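User: Please take a close look at one part of this model, the second largest pocket. What lines the second largest pocket, and which elements contribute to the lining?

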Amino acid sequence: LEKKYDEACEFCKKHKTRIQYVVYGILITAYLAVVIAACSLNFQRALPLFVTTVLAIFFICWDILIANYEDRIAAFLSPGDRYLKKQWFWLKWVLRAAVIITIICWLIFDTTKLGSRQLISFGGLLMYVLLMLVFSKYPTRVAWRPVFSGIGMQFILGILILRTKVGFDVFNWLGIQIQTFLEYTDAGAKFVFGNNYTDHFFAFKVLPIVVFFSTVMSMLYHVGFMQWLIGKIGWIMQILMGTTPVESLVAAGNIFVGQTESPLLVRPYLPYITRSELHAVMTAGFATIAGSVLGAYISFGVSSSHLLTASVMSAPASLAASKLFWPETEKPLVTLGSGIQMAKSEAKNLLQAASQGASTSIGLAANIAVNVISFLALLSFLDSALSWMGSLFDYPQLNFESICAYVFMPFSFMMGVDWEDSFIVGGLLGYKTFFNEFLAYERLSKLIQNRKMGGSMYVNGVKQYMTVRSEVIATYALCGFANFGSLGLVIGGLTSIAPSKKKEIADGAFRAMIAGTVACFMTACVAGMLTSPGLEVPCHILLGNASNFTDFPANSTELVECCQRFFTSANHSKEIFPGGNYSLNFRKVCCQILGQPAFHCP
């Protein structure tokens with residue numbers, strides 16, 4: 001038996017590769033059989049599985065093709081490349097003229113169709129680019145390709161996601177799936193903290209999501225999926241934007257992991273990067289959020305699809321803002337020809353990777369908890385102190401949010417936020433910048449809940465909720481780690497990874513935080529340009545509030561739209577205006593608003 005066993009082992013060692021191919025072939029065949037069976041039973045139900053399978057097959061074939069025939073493909077395409085280089089001098093001017101004409105035509109038609117609010121967002125985008133250029137480290141050395149390419153990638157992603165039905169449905173579906181996936185955290189939280197764990201929502205509902213997401217990310221990192229995905233996104237940004245491999249990979253990594261984890265992907269190369277590349281690495285961390293806290297914000301009630309979109313769009317925006325604020329003046333040492341390799345997981349197996357991810361999240365969850373406790377306590381003290389100071393001048397309403405509202409109001413308004421909402425969003429930006437984005441999103445979630453509950457929009461002259469458009473723009477503007485608390489975290493984390501760059505890190509961190517903040521604002525401007533306005537508060541609530549003009553302003557576009565719908569939908573008015581005796585009261589309100597003559601208002 002021992003002899004036969006040794007012979008079997010020797011045979012397996014000799015034909016190891018063939019046996020692996022056979023096993024993989026059997027598993028792949030079985031998987032494809034399952035996919036075909038599922039599609040034949042109910043294709044609509046199996047559509048996500050079918051699309052995932054097609055994408056996986058495409059990328060596997062692509063990787064095999066590139067690995068084996070990259071030189072032949074490059075040789076085949078080289079005549080076209082030489083021709084483009086030869087004709088590039090006049091082609092670039094044709095392309096620039098085409099882009100400018102396209103933008104002008106798009107703005108004209110879009111403004112005609114949707115109104116002028118999108119123009120404010122476009123003006124805000126131009127304003128932020130101009131400000132970054134004016135305060136740039138080397139204004140005359142700016143390379144415009146990364147800047148325009150980054151904004152262009154933002155715009156294309158925004159159009160695909162926000163303006164096309166397919167893109168919107170895909171990201172909406174992804175958001176729903178992530179929400180469903182995160183709900184599995186409840187099983188662990190319920191077992192540890194008991195059935196009433198939601199009574200302590202933040203501690204026992206939100207923080208366990210951070211633990212669960214960190215565990216999953218660690219497992220995906222161990223199997224190599226995250227490195228593969230980050231590599232593909234980084235390669236796309238590198239080709240389109242002309243950025244270096246290090247900064248492209250870190251920017252792509254920041255879509256999924258935190259600002260101190262993503263530099264670990266390229267840790268061996270950090271001592272050799274230039275000052276501009278280091279600035280780009282830090283900016284990418286400030287302009288995005290980690291996947292682990294993304295789940296926490298979704299649990300607050302913030303739109304999951306918009307958070308996902310903001311995370312993706314802010315990656316190219318971070319490189320665009322960084323290269324504008326700190327242009328490259330040195331020759332990068334790490335290039336595409338260097339054969340850059342990303343770090344691999346140190347875990348021995350999948351279970352160890354899961355355990356390491358959960359253990360790593362302890363520090364993150366604890367850090368979030370203590371920061372929220374300390375910042376809320378500090379905010380309460382500041383509000384109390386400011387109220388006392390304000391009472392000396394007969395203005396006890398003075399608080400931190402009202403100060404931030406006036407400071408950041410111009411920035412929020414230029415993103416395309418409605419004028420009445422710009423002060424509220426300005427206060428949220430103050431919370432995010434001086435404390436952290438957790439407090440800002442928690443406040444935003446309350447505003448969203450107030451809108452969904454309906455009721456009076458104004459109480460004692462104070463607005464209780466915003467329009468959906470303002471909520472969407474605020475979601476994009478807040479989606480980043482750019483705050484003073486993260487400033488120390490980045491300096492400490494990067495210094496420990498690359499001690500030789502300690503001075504450069506300290507010198508460029510504050511500029512990187514500003515660039516990260518502006519990158520988020522640019523993403524919000526693009527979202528403001530592409531967000532289609534619509535009727536955002538139910539008409540029966542709006543017109544009910546309008547009957548009391550002391551609490552609600554009568555001259556709003558939403559009210560005008562409601563009244564127009566009321567007068568033009570006599571046959572369907574009960575569907576639009578549910579309730580009992582609504583016709584007479586609403587007719588009186590709408591007659592005052594529209595000043596309707598003739599038969600509508602006898």
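Analyst: The pocket comes first below, followed by a few single residues and a surface patch.

This is a predicted model. The second largest pocket holds about 1,300 Å³ of space. Its lining is made up of 43 residues, and those closest to the centre are Val-257, Gly-258, Thr-260, Glu-261 and Thr-360. Six helices are named as giving two or more residues to this lining: α8 (201–223), α9 (225–241), α12 (291–300), α14 (350–391), α17 (437–453) and α19. Of these elements, α14 gives the most, with 11 residues.

Helix α19 spans residues 484–497 and includes Thr-495. Is Thr-495 buried or exposed? Its relative accessibility is 17%, so Thr-495 counts as buried, the cut-off for that class being under 20%. Setting aside residues up to four places away in sequence, Thr-495 touches Val-490, Lys-502 and Ile-505.

Another of the lining helices, α9, is followed by a loop that leads to α10 (245–253), and Thr-244 lies in that loop. Thr-244 is buried because its relative accessibility is 12%. Once neighbours within four places in sequence are left out, the contacts of Thr-244 are Gln-238, Glu-277, Pro-332 and Val-334.

The loop between α14 and α15 (400–414) holds Asp-394. With a relative accessible area of 72%, Asp-394 counts as exposed, since the class begins over 50%. The backbone of Asp-394 also deserves a note: its phi is near 60 degrees, a positive value in a residue other than glycine. For comparison, most residues other than glycine have a negative phi.

The last item is a patch on the surface. A nonpolar patch of about 1,200 Å² is formed by Phe-11, Ile-19, Tyr-21, Val-23, Tyr-24, Leu-27, Ile-28, Tyr-31, Leu-32, Ile-36, Leu-49 and Ile-57. Two elements, α2 (16–41) and α3 (43–114), each give two or more residues to the patch. The largest share comes from α2, with 9 residues. Tyr-24, one of the patch residues, has its place in helix α2. At 49% relative accessibility, Tyr-24 counts as partly exposed, because the exposed class needs over 50%.

Terms used: Residues are numbered from 1 along each chain as its sequence is written. This is a predicted model: local features need pLDDT of at least 70, side-chain atom pairs count only at pLDDT 80 or more; totals for chains, interfaces and linings use all residues. Side-chain values use heavy atoms; hydrogens and water are left out. Patches are made of residues with over 30% relative accessible area and no salt bridge: like charges are joined within 9 Å, nonpolar side chains (Val, Leu, Ile, Met, Phe, Trp, Tyr) within 5 Å. Accessible areas come from the Shrake-Rupley method with a 1.4 Å probe; for residues, only the protein chains shown count as cover. A salt bridge is a side-chain nitrogen of Lys or Arg within 4 Å of a carboxyl oxygen of Asp or Glu. Helices (H or I, at least four residues) and strands (E, at least two) are DSSP runs, numbered from the N terminus. Buried means under 20% relative accessible area, exposed over 50%, partly exposed in between (1.4 Å probe, protein chains only). Contact means heavy atoms within 4.5 Å. On a 1 Å grid over the protein atoms alone, a cavity is a set of points where a 1.4 Å probe fits but cannot get out, and a pocket is an open set with protein on both sides within 12 Å along at least five of seven lines; lining residues have an atom within 4 Å of a point. Grid points are joined across faces, edges and corners, and a volume is the space filled by probe spheres set on the points.
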